[in-house]
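I set out here what I looked up in this structure, in the order in which I did so.

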Amino acid sequence: RFEPYMLTLEPGASSVPAPVTHGGQEFLLCLQGSVLCLVGEETHPLATGDSLLFLATRPHLCRNDGPGFATLLLVHERLPQDRSPHLEF
């Protein structure tokens with residue numbers, strides 16, 4: 001039901017090209033560096049040790065605006081009725 005991912009973003013890189021939506025919730029934990037997470041109309045800056053939980057039905061993406069690499073632990077909740085293919089980053 002939960003799919004964990006480790007995501008490393010180079011400076012200037014985004015998790016996806018444009019905001020995405022999917023079922024369930026998403027949990028992010030910034031393990032290294034800093035990122036800017038856009039969720040709907042909200043902007044959430046995350047630094048090392050910061051986390052964020054949100055409904056993944058809201059358009060979202062993360063972008064590394066920092067000078068170094070950023071590493072995130074991303075946990076996606078798959079709902080039983082969600083038959084879409086696994087997320088790929």
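I began by fixing the term "buried": it means under 20% relative accessible area, with exposed over 50% and partly exposed in between (1.4 Å probe, protein chains only). On that basis, I found that 37% of the 89 residues in the protein chain are buried.

I noted that this is a predicted model, in which local features need pLDDT of at least 70 and side-chain atom pairs count only at pLDDT 80 or more, while totals for chains, interfaces and linings use all residues. Residues are numbered from 1 along each chain as its sequence is written, and side-chain values use heavy atoms, with hydrogens and water left out.

**Entry: strands.** I took helices (H or I, at least four residues) and strands (E, at least two) as DSSP runs, numbered from the N terminus. The protein chain has zero helices and seven strands, and I read its pattern as β-β-β-β-β-β-β.

**Entry: first sheet.** I counted two strands as paired if DSSP finds at least two bridges between them. Three strands make an open sheet with antiparallel pairing, in the order β4-β3-β6. Because β4 (42-47) and β6 (60-63) stand at the edges, each with a single partner strand, one side of each is left without a neighbour in the sheet. I looked up the pairing of β3 (residues 34-39) with β4 and found six bridges in the antiparallel sense. Within β4, His 44 stands opposite Cys 37.

**Entry: second sheet.** I found four strands in another open sheet, ordered β1-β7-β2-β5, again with antiparallel pairing. Here β1 and β5 stand at the edges with a single partner strand each, so one side of each is left without a neighbour in the sheet. Strands β2 and β7 run antiparallel and are joined by six bridges. I recorded His 76 in β7 as the bridge partner of Glu 26.

**Entry: core.** I defined a nonpolar core as a set of buried Ala, Val, Leu, Ile, Met, Phe, Trp, Tyr and Cys residues joined through side-chain atoms within 4.5 Å. The largest has 15 residues, of which Leu 28, Val 35, Cys 37, Leu 46, Leu 52 and Leu 72 touch the most other members. At least two residues of this core come from each of β1 (2-9), β2 (25-32), β3, β5 (51-55) and β7 (70-77).

**Entry: contacts.** I took contact to mean heavy atoms within 4.5 Å. Not counting residues up to four places away in sequence, Leu 72 touches Tyr 5, Met 6, Leu 7, Leu 29, Cys 30, Leu 31, Val 35 and Cys 62. Of the contacts in the protein chain with a separation of 6 or more, 72% are between residues 24 or more positions apart.
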